[in-house]
Amino acid sequence: EPLLCTAPIKYQYANYSANYLHGGKGAIRFQLINQRSDFSFALLAGGLENPTLVAVSKQVAFKNPKAPVFPRLAQGKTHDEMTVTWTSGYDIGEAYPFVEWGVVASGGNPTRTPAGTLTFSRGSMCGTSYSYTERRLTG
């Protein structure tokens, strides 16, 4: 059985669905990760050796593709401090970043703390001359 959670972009053999082998129809489920862009699915024939495009689905869109996702918690600089980070598709002028915290289950009011914003581009992480083809290991 193929592992479906190993990469953001996935493939699955149509015959993985039991009904496909018997009647030519079936269902396959994928867990989609919000990559801030619409998805389309393609049906290919010919296997991995000789793929031929047969059909393309309508686009599937997230309701709010810019929403903050993938929250991460870490201990702060001191024992009573916590760092919260997340990934968002909003531009700095589109949203006001904040962290809302507190015990709200017992009727308390949450506290909002302004959040700082850092934006990373490809150039700031890798530099303009760094590309996939230049990352070769020699031994």
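**Exercise 1. Find which residues N34 is in contact with, leaving aside its neighbours within four places in sequence, and work out how N34 sits in the model.**

Step 1. Leaving those neighbours aside, N34 touches F62, N64, P65 and V69, where contact means heavy atoms within 4.5 Å.

A quick note before going on: this is a predicted model, so local features need pLDDT of at least 70 and side-chain atom pairs count only at pLDDT 80 or more, while totals for chains, interfaces and linings use all residues. Numbering runs from 1 along each chain as its sequence is written, and side-chain values use heavy atoms, with hydrogens and water left out.

Step 2. Place the residue: N34 is in the loop between α1 (18-23) and β1. Helices (H or I, at least four residues) and strands (E, at least two) are DSSP runs, numbered from the N terminus.

Step 3. Check the cover. N34 has a relative accessible area of 12%, so it is buried; the cut-offs are under 20% for buried, over 50% for exposed and partly exposed in between (1.4 Å probe, protein chains only).

Step 4. Look at the polar atoms. A polar atom of the N34 side chain lies 2.8 Å from the backbone nitrogen of R36, and the N34 side chain also reaches the backbone oxygen of P65 at 3.2 Å.

**Exercise 2. Work out how many helices and strands the protein has, and in what order they run.**

Step 1. Count them: 2 helices and 6 strands.

Step 2. Read from the N terminus, and you get α-β-β-β-β-β-β-α.

Step 3. Add the burial figure: 5% of the 139 residues count as buried.

**Exercise 3. Describe how β3 and β4 pair, and say what is odd about F70.**

Step 1. β3 and β4 (residues 82-87) run antiparallel, with 5 bridges; two strands pair if DSSP finds at least two bridges between them.

Step 2. Follow the chain from β3 to β4, and you pass through a hairpin of 6 residues.

Step 3. Pick out a bridge: L73 has V84 in β4 as its partner.

Step 4. Now turn to F70, which is in β3 (residues 69-75). Its phi is positive, about 55 degrees, although F70 is not a glycine. At 43% relative accessibility, F70 is partly exposed.

**Exercise 4. Find the 2 salt bridges and say which parts each one ties together.**

Step 1. Set the rule: a salt bridge is a side-chain nitrogen of Lys or Arg within 4 Å of a carboxyl oxygen of Asp or Glu. By that rule the count is 2.

Step 2. Take K66 and E94, whose side chains meet at 2.6 Å, N to O. K66 is in the loop between β2 and β3 and E94 in the loop between β4 and β5 (98-101), so this pair ties together parts 28 residues apart in sequence. K66 is partly exposed at 31%, and E94 is partly exposed at 44%.

Step 3. Then take E100 and R112, with the closest N and O atoms 3.2 Å apart. E100 belongs to β5 and R112 to β6 (residues 111-114), so this bridge ties together parts 12 residues apart in sequence. E100 is partly exposed at 46%, whereas R112 is exposed at 53%.

Note on methods:
Polar contact = N/O pair within 3.5 Å; in protein donor to acceptor, adjacent residues only side chain to side chain.
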